[in-house]
Amino acid sequence: MSEDVPVYLKNGDLVKANDHVYCSPSWDARDGTPYSVGRIMQFLPPADAPKGEEGKNYVYTRVRLAWYYRPSDVSDRPVADSRLLLAAIYSEVCDINQLRAKCHVVHRDKISDLSGWKKRPDRFYFNRLFDPYIKKEFEVIPARDVRNLPDHIRELLISRYEYVVAEKEVIPDLTDHMRLCDNCQGWCPSPDTVQCDRCKRFFHMRCVQPPLLAKPTRGYGWTCAPCSRRHEEEVDSHDVRHNPSAGPKALKSNAPPARGRGRPRKDKSLAEKEENFPVKHFKLWPFRYFGAHTVAEDTLDEEDLIFPRAATRQGPKYQATVPPAPDPYNYPPDIEERGGDSTVEVLGVINSLTDAEVAEVESCKKSLTRDSTTASSVDWLTEVIRRFSDAALAARPFTSVNMKSSIRSEKWKKFETAYTDKPFSHEEVVAFEDAIALHGPELRAARDEVPNRSMPEIVRFYGHWKNTKLKEENKRLRTKGPPPKPVNRQYVSEAERIGGLHVGLSDDEGSIVAQPSKSPSCGACRTRESTTWWKAPKGLPTNILCDNCGTNWRKYADLNVRPVREESVPTSKSKAIEKREGTPLAGPSSKRARTSVSVQSTPPPAPSAAPQVKCLACSKQGPLGKVLRCKKCQFRAHSGSIGAIVDPTSVESWTCELCENEETLEASINHDCLLCPRAGPEERRIKPWPPADTLLRACKPTEGQGWTHILCAVFSPELTFTDASRLRLVEGLSTITRHRWTTKCCLCGEVEGAVVKCNDCPKEFHISCAWKQGHKFGFEIQPVKSSRRDTTITTTFKGESGCMNALVSCKEHDRSKRDIYDICETNEGGETALQVYCQAYKQAPSNAHGLLRKARRLDNILNIRSGAETNGSVASTPDPGNPDPECSRCKSQFSPAFYRVDSSSAAPSWLCHRCHYETNDMNGKAMGMMVS
């Protein structure tokens, strides 16, 4: 490889091996995450370049980097210092064009002025190491501080490595003076050494009499023989002193003293010397593990592993205690011996058949199915072979074999099972692929996204799914051929080699916002003036950052997010960026310290430690609590989109309305929506019903103890809620017009159920059918004229005021020029658009009882009591000074409504609801009928 070729970054900086750099792909690929910090170990040519002398002339395309971690990457504890890193003995090969800029990372002990070091840009430090495999942190100390070693081992360690990695509890032993055995004067390694509690001298466990097999248990001490004898003599002579032993003074540890902040020095030459401090490397690494699980003599071997180690996982604590196997000649009668005909399951005997029998099997197999996909299915072929084998063993003709039944019985299973799984629906496949894209091959996480499937089904489907993807890739290769290989460039002349290689992505690629809005505002510090605007990570009020905040976020993962206040929210009609819960920027702002706009000295936001759950309404991730998950059926949705108010202490035990009703039986056990077509018997076999993998499981009880989907209740204009904050109970089903009940749905073709009309075309469909087909559900705010503001209910959402309308639109309509808020989209106060709409437009009138509101709706339908209403006898609200009115006729104080009686007396008199209509009936003014 051409080690003499200089490498330059986009900004002109020369980088070489052991330099520290920022590394990151493009903005879209990294999804707004900060830069990673790494140390260049070596530059590499293309992977397919020839080895040896022939490959030296190829241009570098890769680089091996030793990574550093930020504390927020490995722990949920907030760290105030954004310049602190964690080293790691972990490296990866990356594209050389991902190198961004140069930085400096040194050990804490090499910095004389830490405060001044952190004030300079692109400066980091470390004093600990994190192992990504053991998931544990270790201390990092200079190799010269290790003194408790034989001279030849210590000199070799210092000559090879600059630092040593060890556990925190081992550091005092390593940095102490060399410990020698008081008997043999040999070096005492810590694992094989005991110390006398009285004279503080060290001994090999093998050198004491009698030899010790193990160290004393924690909490107990050990004394040597002379000290024990001396103590016994003191006890016998009653000359026991309670003061400390007069033995040799304990040796002080040589561990580095605690550091103070000190007074910052402004010595630039010293700072530059610290940046360029020479660091020794052995086989590309500046440190190695030398802790509690290291044998000192093994470090002399160059091939000894340098990685951190943990205690052994052998012994009864980790392994099961297996009882001895039974005697094969005296097998217990209650245990069935394995290997016989009663325990062996025959999978196939095709290999023992004759050629004629095999030909007959092949001809019979072709007649079992005409579907090419089924004929090539592994599960189907396995079951066919098993059934043909059973027929051969039972001497039955092969023509008797059929595949009509999908059930089979196996000897090791108590019940009959299907030989193949039920096919995954389109929604389940989409949810599974989303989980794989998010979590990778972590199938337990994928199982949470598809709750209706068992873990074995998920594992089997994953295998079939991978084979399907491989089939598509092979088909693409056969039709279009293999993709062209990148051309590996070589140096043409020596002058080109000396000129160097210019690599790296420019820092402004895709990250700079060229034309921000008319009134741009930084998503962190709220400033409105900046020379350059950068894209912001998700979770901020705006989607741009100023130059200062953008630099701090990309390089130091540090943002000073200023909390949003209601009076400072802009009123312009601009749709802010969608809020995604669970990002490191979504922490509670009340817990962040109020500091100045200067970002370099502020602590980073506390990362969210809550597990992420995917909402079925918006398909976005959120922490458990904002997104609720049913304990029984695993239904998942934002709490604000289903009207759930849950105590933070009972989030994990929350159950949805339908699961809760199965225990309380407060409403009907038939969970079909009253506004949708009834489900057939095949659909009802799905447990739970409605399925838990769709938002249509979110249902609310009606005033008649039935059920409706939340979507149907919210997007049907006639329906209201008794309590709009919790979306309970649904009222007004009887007010839906007859036309909507008798119109055929254009999606499912059913006449049953109530339809709604598309906001952009004359099509009419059921709300549940529209949701299944992926139609657009949302809310739009229309401006209201000043002349109509007194008669129109207006609301404000994300700074936009007007009349809020719920809309359902076909998915093929173009809505790019309209501001439509999604169901789960939140405002600055954390309320969803659905919550704001329901509280403003869906709350039933509270001036009358629910039963009275129902009666009035039926009255309006039947037009029976219209005469009574026109005669001025309308229900009135009693005077607040007289909160307990009494009926002047029957003396009752309990009624859904009281009616004022015209009287000349000063004190008003009232009639209850019953007496009012009885009086009207006797007077011939109206004929009423109460319907409950």
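Modeller: Ala, Val, Leu, Ile, Met, Phe, Trp, Tyr, Cys and Pro count as nonpolar, Asp, Glu, Lys and Arg as charged, and the others, Gly among them, as polar. The model is predicted: local features need pLDDT of at least 70, side-chain atom pairs 80 or more, while totals for chains, interfaces and linings use all residues. Residues are numbered from 1 along each chain as its sequence is written, and side-chain values use heavy atoms, leaving out hydrogens and water.

Colleague: How do the residues of the lining of the largest cavity divide into nonpolar, polar and charged?

Modeller: A cavity is a set of points on a 1 Å grid over the protein atoms alone where a 1.4 Å probe fits but cannot get out; lining residues have an atom within 4 Å of a point. Here the lining is S641, L695, A698, H709, I710, L711, I823 and L834. The split is six nonpolar, two polar and no charged.

Colleague: How many residues apart in sequence are the parts that F138 and Y289 tie together?

Modeller: Ring centres within 6.5 Å make a pair, with planes under 30 degrees apart stacked, over 60 edge-to-face and the rest tilted. The count is 24 aromatic pairs. F138 and Y289 are edge-to-face, at 5.9 Å centre to centre and 75° between the planes. F138 lies in strand 10 and Y289 in strand 14 (strands are DSSP E runs of at least two, helices H or I runs of at least four, numbered from the N terminus), so the parts joined are separated by 151 residues.

Colleague: Are F138 and Y289 buried or exposed?

Modeller: Buried means under 20% relative accessible area, exposed over 50%, partly exposed in between (1.4 Å probe, protein chains only). Both F138 and Y289 are buried.

Colleague: Which helix holds Y837, the partner of F779?

Modeller: F779 and Y837 form a tilted pair, 5.1 Å centre to centre with 40° between the planes. F779 is buried because its relative accessibility is 0%, and Y837 is buried because its value is 9%. Both belong to one aromatic cluster with F715, W771, F777 and Y841. F779 sits in strand 30, 58 residues from Y837, which lies in helix 22.

Note on methods
On a 1 Å grid over the protein atoms alone, a cavity is a set of points where a 1.4 Å probe fits but cannot get out, and a pocket is an open set with protein on both sides within 12 Å along at least five of seven lines; lining residues have an atom within 4 Å of a point. Rings of Phe, Tyr and Trp (its six-membered ring) pair if their centres lie within 6.5 Å; planes under 30 degrees apart count as stacked, over 60 as edge-to-face and the rest as tilted.
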